[in-house]
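User: I would like a close look at one part of this protein, the nonpolar interior. Please set it against the rest of the structure in plain terms.

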Amino acid sequence: MPTAGKVIKCKGQLQMFSKLSPFVVFYQIKTVHFGWINMVLCANSLIGCWIRAAAVAWEAGKPLSMEEVEVAPPQAMEVRVKILFTSLCHTDVYFWEAKTPVFPRIFGHEAGGIVESVGEGVTDVAPGDHVLPVFTGECKECAHCKSAESNMCDLLRINTDRGVMIGDGKSRFSINGKPIYHFVGTSTFSEYTVMHVGCVAKINPEAPLDKVCVLSCGISTGLGASINVAKPPKGSTVAVFGLGAVGLAAAEGARIAGASRIIGVDLNPNRFEEARKFGCTEFVNPKDHSKPVQEVLAEMTNGGVDRSVECTGNINAMIQAFECVHDGWGVAVLVGVPHKDAEFKTHPMNFLNERTLKGTFFGNFKPRTDLPNVVELYMKKELELEKFITHTVPFSEINKAFDLMAKGEGIRCIIRMDH
Ligand SMILES: [Zn+2]
Ligand SMILES: [Zn+2]
């Protein structure tokens, strides 16, 4: 049972609610890894606004600014989550740099947190549950969610242009009444955030959130591309194009699946040594060869690799990743997001000779159904996450994470919200 306690940092409207409503109960719960967490429970479903720190992007490309942001209560089918750890992904940086009209905005989509309160109709999660936010949801009702073959939910599929909640078209963040917009339904660069319940995956409370938070996006994307889509047979040869976080996760997936040769392809030789930790056994730098990389790979592998996973989004690399697979059985999987004007050109004989080309989104994982199982892979020590985490910064220094990514240093930088 929760112990009655004092909410240390709450301000503003929450206190006002407590005066208005005799049904508001403050309490603390003890969690496995993070000690006592302050919670609020309202018998009449009125849950107050929190005013908490968030890193706000006021305009494209400008450093984030720490602000006191009002976080409104969760509405129907929404949850409010206390974020404990978050990490920076390229997609945050891409849209932070982009001159879209959706500013001011709170970015962030890889994270781990604890449900603080839930809105009407939410039955799948409850306050105190440990969750991973997911930028693409799973409503469990639409044709995609009901299909065993798809994870592209009609209702909650990623939408980078929408800055508001789908329920009422409003933002749950504000400063002095002025809305601050959401990002991909998660906005985890905030001590508290509000999400649709379909965008949170409930996980094992024993799992350390400072590690498994990286499974919200990039690492699951690369891992799933290998284990769910490429499915390399034991003893097979896999080429991974692009050795960033997603590519290294694809290599890790190939390693877990039992591939015996994993060939990393990247233009940056500095990445090769690091990639060995993720199962890469050989490397090809296309700059070191005068002939096309698909020919280099065919020579190294007696006709072509069994599987390839493309994680750069460069259109030429995508074509190479397809053409380097062995005829008769080779499968290429596209993960990287190409330029909007890109066109994929290859001779149709490559298909007739029984090469298969596939694409994947979020590694084909259904976020709410499958992420808890990916967390268990880590708990069983089959999946190693520590090696992806190269830096940690306190929340107040979140801009350092952006600097590290701009310099191409490290793989994942964890941002600790408790500092
Ligand atoms: Zn759905
Ligand atoms: Zn991401």
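Analyst: Contact here means heavy atoms within 4.5 Å. The model is a predicted one. With that cut-off, and leaving aside neighbours within four places in sequence, Val-212 is in contact with Leu-132, Ile-203, Ala-207, Val-375, Tyr-378 and Leu-385. Two of the names in that account, Val-212 and Leu-385, come up again in the largest nonpolar core: together with Phe-189 and Leu-215 they are the residues with the most contacts inside it. This core has 101 residues. Helix α6, which covers residues 245-257, supplies the largest share, 6 residues. Another core lies apart from it and has 15 residues, including Leu-297, Val-305, Ala-317 and Ala-321. As a general point, nonpolar side chains in soluble globular proteins tend to be buried together.

The figures for the whole protein give the setting. Of its 419 residues, 54% are buried. Among contacts with a separation of 6 or more, 68% are between residues 24 or more positions apart. The accessible surface comes to about 18,100 Å², and carbon and sulfur atoms account for 53% of that area. The protein has 12 helices and 20 strands.

The metal site also involves buried residues. The zinc ion (ligand 2) is coordinated by Cys-89 through SG, His-109 through NE2 and Cys-217 through SG, at 2.0 to 2.1 Å. Along the chain these donors follow the spacing C-x19-H-x107-C. His-109 sits in the loop between α2 (90-97) and β7 (110-118), while Cys-217 sits in the loop between α4 (209-212) and α5 (218-230), so this pair ties together parts that are 108 residues apart in sequence. Both His-109 and Cys-217 are buried.

One of the sheets can be described next. It is an open sheet of 4 strands in the order β4-β5-β9-β10, and the pairing is antiparallel. At its edges stand β4 (50-56) and β10 (178-180); each has a single partner strand, so one side of each is left without a neighbour in the sheet. Neighbouring strands of this sheet are turned by 50° against each other on average, with direction ignored. Within the sheet, β5 (residues 65-71) and β9 (residues 173-175) run antiparallel and are joined by 2 bridges. Val-71 has Phe-173 in β9 as its bridge partner.

To return to the part you asked about: the largest nonpolar core has Phe-189, Val-212, Leu-215 and Leu-385 as its residues with the most contacts inside it.

Definitions and conventions
Residues are numbered from 1 along each chain as its sequence is written. Chains are lettered from A and ligands numbered from 1 in the order in which they are written. This is a predicted model: local features need pLDDT of at least 70, side-chain atom pairs count only at pLDDT 80 or more; totals for chains, interfaces and linings use all residues. Side-chain values use heavy atoms; hydrogens and water are left out. Donors are N, O and S atoms within 2.8 Å of the metal (3.2 Å for Na, K and Ca); water is not among the atoms, so sites may look incomplete. Buried means under 20% relative accessible area, exposed over 50%, partly exposed in between (1.4 Å probe, protein chains only). Accessible areas come from the Shrake-Rupley method with a 1.4 Å probe; for residues, only the protein chains shown count as cover. A nonpolar core is a set of buried Ala, Val, Leu, Ile, Met, Phe, Trp, Tyr and Cys residues joined through side-chain atoms within 4.5 Å. Two strands pair if DSSP finds at least two bridges between them. Axes are lines fitted to C-alpha atoms, for helices over the stretch in contact, and angles run from 0 to 180 degrees between N-to-C directions.
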